[in-house]
Amino acid sequence: MKAQPPHDRNADTGDRSSPVQRFRRPEDPDWHWLEQRDDPAVKAFLEAANEQADRWFSPLAGLTERLYHGHLARRELAERSLAVPLDHFTIWNETAANADHPVWWRHPNDAPQNAEPFLDLQARARHSAFFEIGDMALSPDETWLAWTEDTQGDETFTLWLRHLPAGEPVQLLDDIGPELCWAEDGKTLLFTRFDATQRPESIWRLPLQLTTASPSAARATLMLRETDPEFWLGLGKTRSREWLVLESASKDTSETHLVPARAPTTPPWCFRPREAGVEYAIDHRPGHFYVLHNRNAPHFCLDRVAEAAPDAQGETLIAHRDDTTLEGVDAFSWGLVLTERDHHEAQVRLRVIELDATHARSRDTWLPLSETPCSLALDATPHFDARRLRMREESFTQPPSWTEFDLDSDQRRLLKRQAVHGDLQPDQLACQRLWAHSHDGERIPVSVVMRADLVGHPLPTLLHGYGAYGEVLDAWFSVARLELLSRGVAFAVAHVRGGGERGEPWYLAGKLAHKTNSFQDFLAARDALVDQGVSDGERIVAHGASAGGLLVGASLNLSPERFCAAVLDVPFVDVLRTMLNPELPLTTAEYSEWGDPNDPSVRQRLQAYSPLDNLPDRPWPPVFLQGSWHDTRVAYWEPAKLYARLSELAGPGHTPPPLLRIDMEAGHGGASGRFKAWHDHAREDAFILWALGKA
């Protein structure tokens, strides 16, 4: 059944009252004038488009409210995080049932009865339409807290400091990056600053005068500056707390500088100079560095290097393997936890290696999985000598759970599990892993979750994809998704090339000159769902956000008839024009992902798939586009231009018109408060259910 427009006699009919008709500039048929943020007509156009969307959604208001309140009824609104013991205090956060943001609490490790709040984010957010924490950092003695706040949504942050538990917050700096790190001297903070394109291009050292009456900061000193516009900086500290780590990285090359954590004024020294195409990361145990790298090892390997002679030839601990990508290493006093990914099964695993005094392996095991596919990751385990590892695990059918694995007893203990209320419980869900065959014969994993009682019936389906930056879409649980599943909708994920689900080769096969594989994979996933009887071919909605919006937009250009509707959130759809403008945030840093269009062959390649440059003559299905005014990653004008162009192609009287909503108070991640974010999600789900004939 094809989607039908909800009845509303006031709905836009495509005449001169249409925003696109009213604001069209014949001299600019591509709508590039929307990039002029300071032009009052831009805001007027966006507000008119929002009003048009509100009119169209008006008949679905009741459904939106039912979805929203149904979501609230399914989840535990009053939340308490898992408590994390540090050296002196145990910390956690609590979110009240009616609050958007949490309050952070602590108690002395030996006196849990003496709990006290030390940062009330709900109170701090009270006077801001948008509020988001960038980072929080406790001093080594846990008596001072530093944090960064964004109150605009543009990802520029203000640095605050307070003495715990109740000292007056003091603003130290503004217009900095989100990241913070304390040196182990207890009186020095490290932070990042942006360049004009919002690239983290420098790391600074901030000496502090820590008097409880009037804490202050001296002048910040530059520690490291990155001049290559394709690289950005990040900072951290080894779990051993011996080294501050200053990392410079592009999409395919990295370089690390180290500073003794107890002597932060020491000039940084380069651990290993950058080599084009070589990525590496390091961790530390006394006497040795552990180097995860892809030099002559495309899927990464692990070397051990003597701390006293870091330039000497290292010993290979984990050799390169054709069927496994080594994704991460976490060092502890007793050994290592490795994160590995099986290419064939597209599944992550955690591997524990214990090392004796001679560095021989006394243990080498993989931690068990409760089911596959699932997500499994090492959770907050801050102590270097911890022998109880905390892990976070979830799947498409099981909500997040936090467990503790005891290395001495091999026992696994459940610490916390997200509660799920309502009529659809996890044991009433079923997950399947399908394999699609793409245009070149490659097997594409497709995950799908649905009500267990509907298995075997072709279902209306929401198909999601991303496929960029090597990002992994491992299985994740969603309480909000239950509102769709309970109404008989299946949710599917196309694990297309360009992501990292099948390891490093999967990423490389969907970037740069191979990007079009991602689009073919997405269409192949859609067809496999139909061919294998999972999905109703007449009722499939495509969904993608950010780079996933590019995936869906390019796929719709290739074959719009394969979908009954699409939802694109903050979609990256003006690929060529964006990549041609190095003054935009993050553009130059993206050259190694998409290519540098100053090369004519790359420009031709980008132009051949950029969604805005390849809109077909035949119309797209109904589409709901969403963006944010303060988004610095995907500018608001990308979805706005797509909306305008699609509206012109559809012509007057087309029902429904393409729909656009721009959040005038948010950034790339959308609303910062959880209730507004949940309501926005409910409106999106109402559109999806309408498109699937389930409204």
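This report describes selected local features of a predicted model.

**Annotated domain and the α2–α12 contact**

The UniProt record, an unreviewed entry, places "domain: Peptidase S9 prolyl oligopeptidase catalytic" on residues 477-694. Over residues 477-694, helix makes up 41% of the chain and strand 15%. The C-alpha atoms at the two ends of this stretch are 22 Å apart.

Helix α12 (residues 637-650) meets helix α2 (residues 40-57): their axes come within 12 Å and cross at roughly 65°. The crossing is left-handed. On the α2 side the contact is made by F45, L46, A49 and Q52, and on the α12 side by A640, Y643 and A644. Sorted by class, the residues of this contact are six nonpolar and one polar, with no charged residue.

R661 belongs to strand β38 (residues 659-663). R661 counts as buried because its relative accessibility is 18%, under the 20% limit. Leaving aside residues up to four places away in sequence, R661 touches N50, A53, D54, F624, L625, Q626, G627 and R683.

**The β27–β30 sheet**

Four strands form an open sheet in the order β27-β28-β29-β30, with antiparallel pairing. Strands β27 (375-378) and β30 (412-417) are the edges, each pairing on one side only. From one strand to the next, the twist averages 25°. Strand β29 (residues 401-406) runs antiparallel to β30, and five bridges join the two. Within this pair, W402 of β29 stands opposite K416 in β30.

**Backbone features in loops**

Two cis peptide bonds and two residues with positive phi are listed below.

| Site | Backbone feature | Loop |
|---|---|---|
| L164–P165 | cis, omega about 10° | P165: between β8 (157-163) and β9 (170-176) |
| T372–P373 | cis, omega near -5° | P373: between β26 (361-366) and β27 |
| E142 | positive phi, about 65° | between β6 (132-138) and β7 (144-150) |
| D410 | positive phi, about 60° | between β29 and β30 |

The loop holding P373 leads from β26 to β27, and β27 is an edge strand of the open sheet. D410 sits in the loop between β29 and β30, the two strands joined by five bridges.

Neither E142 nor D410 is a glycine. E142 has a relative accessible area of 5% and is therefore buried. D410, at 43% relative accessibility, counts as partly exposed, because that value falls between the 20% and 50% limits.

Definitions and conventions:
Residues are numbered from 1 along each chain as its sequence is written. This is a predicted model: local features need pLDDT of at least 70, side-chain atom pairs count only at pLDDT 80 or more; totals for chains, interfaces and linings use all residues. Side-chain values use heavy atoms; hydrogens and water are left out. Axes are lines fitted to C-alpha atoms, for helices over the stretch in contact, and angles run from 0 to 180 degrees between N-to-C directions. A crossing is left-handed if the near helix is turned anticlockwise from the far one by less than a right angle, and right-handed if clockwise. Contact means heavy atoms within 4.5 Å. Ala, Val, Leu, Ile, Met, Phe, Trp, Tyr, Cys and Pro count as nonpolar, Asp, Glu, Lys and Arg as charged, and the others, Gly among them, as polar. UniProt positions are given in the numbering used here, feature names are shortened, and annotations may be inferred rather than shown by experiment. Buried means under 20% relative accessible area, exposed over 50%, partly exposed in between (1.4 Å probe, protein chains only). Two strands pair if DSSP finds at least two bridges between them.
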